[in-house]
Amino acid sequence: MLMKNETLTDVVIIGAGPVGLFAVFELGLLDLRCHLIDILDRAGGQCAELYPEKPIYDIPACPVITGAELTEKLMGQIKPFEPEFHFSRMVTGLERQADGAFLVRTDEGEIFRAKVVVIAAGGGSFQPKRPPIAGIEAYEDSSVFYAVRRIEEFRGHNIVIVGGGDSALDWTLNLEPVAKSLTLVHRRDQFRAAPDSVNKMRALVAAGKVRLEIGQITGLEGAGGDLSAVRLNAEGGEKLLPATRLLPFFGLTMKLGPVADWGINLTEDLIPVDTARFETSEPGIFAIGDINTYPGKLKLILCGFHEAALMAQAAIRIVHPEQKIVFQYTTSSTSLHKKLGVAS
Amino acid sequence: MKLYVELGGELRELEALEGWRVMEVIRDWDLPIKAECGGACACATCHVYVDEEWQGRLAKASPEEEDMLDTVPDTTIHSRLSCQILMSEALDGLRVKLPASSLVKEAAA
């Protein structure tokens with residue numbers, strides 16, 4: 001019986017980067033339904049987050065393609081299989097049930113019941129970069145935040161925002177109306193954020209509504225998790241800025257995260273797998289793409305695609321052990337054409 | 001030609017080759033630099049502080065490098081990405097310092 005918030009599926013794929021997306025295709029050809037969970041708010045993984053505009057030259061048959069284009073093409077390719085995406089979520093738990101199936105839990109409280117779990121999590125989960133300021137942990141979630149969930153929590157505060165990208169600029173514009181004071185701190189007087197946001201910020205600075213400081217935060221003042229000021233290393237020397245809320249926006253970094261707690265054997269933050277099935281030390285849990293390791297492993301997208309194909313052949317035997325599997329080519333198989341929605 | 005790298009209070013003298021990136025020299029000598037993206041100017045984990053004396057002699061940082069440096073929380077006015085500095089005769093004796101944030105986890109701990 002299913003509980004509330006519980007979803008039944010054949011396969012849960014953790015990670016919606018290029019390799020996780022292509023796994024949907026290979027599993028789909030075998031009629032396996034997939035749910036994908038990703039900590040980012042969209043598909044593409046590193047291709048979307050780290051280098052959407054950068055050209056990739058080693059995707060077979062694509063002399064040059066950007067990370068964003070590759071993601072878009074993969075999304076088109078897997079559309080016939082109707083994968084379901086669950087974005088902005090972290091998988092927090094993975095447990096095996098008595099019947100051999102897995103319960104996958106997310107930090108949003110959802111539960112997925114699946115016979116196969118595929119970890120395609122790349123370098124791990126993207127998490128905000130924490131500035132290396134002594135004692136910053138003590139202020140996190142009380143005065144220091146890496147995202148804005150509720151604007152009201154910032155009303156009437158002396159807010160300091162650090163960074164020069166879109167997050168820093170967007171929140172400067174959005175929080176200025178509710179702040180007691182707002183200071184934007186950046187290492188240089190140039191911003192890589194959208195020009196329109198930069199212009200709006202400059203107008204607020206000119207009107208005396210936002211203070212702009214060029215420098216870097218080097219220390220925090222306060223007690224008991226309550227921030228009172230931040231120390232700033234600026235061009236004219238050191239300064240103390242009143243601050244009761246600090247929002248550092250230095251982008252994201254990858255951390256292995258909860259994968260380490262699932263009872264799977266790990267080698268230096270990578271998951272060892274066999275090269276016939278790409279299965280982990282736990283039967284039914286597979287690992288493909290940058291997160292796995294085996295003799296001769298190369299962290300290439302194309303290697304992840306190959307791993308996805310072989311993994312799918314092993315996964316079908318776990319989901320439908322009774323089924324006779326006939327290997328088919330997409331060029332000639334009428335039944336595969338039907339699944340792909342193309343005329344034979 | 002020589003490259004000097006300050007790391008955990010120690011100064012290391014490294015033999016460098018013309019045309020190599022400073023990051024590549026550091027990595028080739030097995031110093032624990034992260035350099036996650038391998039020199040594509042896409043990660044900023046090869047961030048170094050360039051000695052004041054040498055700063056004026058380096059080619060100016062590209063807009064792409066400046067944008068990547070924006071994602072480093074402990075920059076100073078001496079900050080550069082070591083994958084974007086090419087060793088040349090003019091830089092023989094260059095001195096840089098590796099911040100903790102550019103070291104692989106085990107070395108930084």
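Here is a short back-and-forth on why some features of this predicted model get the labels they do.

Me: What makes B:Glu66 and A:Arg187 a salt bridge?

Reply: Their side chains come to 2.9 Å, N to O. The cut-off is 4 Å between a Lys or Arg nitrogen and an Asp or Glu carboxyl oxygen, so the pair qualifies.

Me: And why is the pair A:Arg187 and B:Asp70 said to join two chains?

Reply: The salt bridge itself is there at 2.7 Å, N to O. A:Arg187 sits in the loop between β11 and α5 (195–206) of chain A, while B:Asp70 sits in the loop between α3 and β4 (79–81) of chain B, so the pair spans both chains.

Me: Which residues are in the salt-bridge network with A:Arg187?

Reply: A:Arg187, A:Arg188, A:Arg192, B:Glu66, B:Asp67 and B:Asp70 are all linked in it. Between chain B and chain A the count is five salt bridges, and over all chains the structure holds 30.

Me: Why is A:Arg187 called buried or exposed?

Reply: Buried means under 20% relative accessible area. A:Arg187 has 19%, so it counts as buried. B:Asp70, at 1%, is buried as well.

Me: How do you know what B:Asp70 does for the area between the chains?

Reply: Chain B and chain A bury about 1,300 Å² between them, 43% of it on carbon and sulfur atoms. B:Asp70, B:Thr71 and B:Pro73 supply 46% of the area that chain B buries against chain A, more than any other three residues. In terms of contacts, 15 residues of chain B meet 13 residues of chain A.

Me: What makes A:His186 buried, and which residue of chain B does it touch?

Reply: Its relative accessible area is 1%, and the limit for buried is under 20%, so the label fits. A:His186 is in strand β11 (residues 181–186) of chain A. Leaving out residues up to four places away in sequence, A:His186 touches B:Asp70, and its other contacts include A:Phe191 and A:Glu213.

Me: Why is A:Glu213 called buried when A:Arg211 is called partly exposed?

Reply: A:Glu213 has 7% relative accessibility, which puts it under the 20% limit. A:Arg211 has 39%, and partly exposed runs between 20% and 50%, so that label follows. The two side chains meet in a salt bridge at 3.0 Å, N to O.

Me: What makes A:Phe22 and A:Phe25 a stacked pair?

Reply: The ring centres are 5.5 Å apart and the planes are at 15°. Pairing needs centres within 6.5 Å and stacking needs planes under 30 degrees apart, so both tests are passed. The two residues are three apart in helix α1 (residues 18–29) of chain A, which means about one helical turn separates them. Both A:Phe22 and A:Phe25 are buried, and ring pairs link them with A:Phe81 and A:Phe305 into a cluster.

Me: Why are A:Phe85 and A:Phe87 called stacked, and are they buried or partly exposed?

Reply: Their centres are 5.3 Å apart with 15° between the planes, so the under 30 degrees rule for stacking holds. A:Phe85 has 24% relative accessibility and A:Phe87 has 21%. Buried stops at under 20%, so both are partly exposed.

Me: How do you know that A:Lys79 is exposed?

Reply: A:Lys79 has 62% relative accessibility, and exposed means over 50%, so the label holds. A:Lys79 lies in the loop between α3 (67–78) and β5 (84–86) of chain A.

Notes
Residues numbered from 1 in each chain as written. Chains lettered and ligands numbered in written order. Predicted model: local features only at pLDDT ≥ 70, side-chain atom pairs only at ≥ 80, totals over all residues. Heavy atoms only, no water. Contact = heavy atoms within 4.5 Å. Buried area = accessible area lost by both parts, 1.4 Å probe. Phe/Tyr/Trp six-rings, centres within 6.5 Å; stacked < 30°, edge-to-face > 60°. Helix = DSSP H or I, 4+ residues; strand = E, 2+ residues; numbered from the N terminus. Buried < 20%, exposed > 50% of the residue type's maximum accessible area, 1.4 Å probe, protein only.
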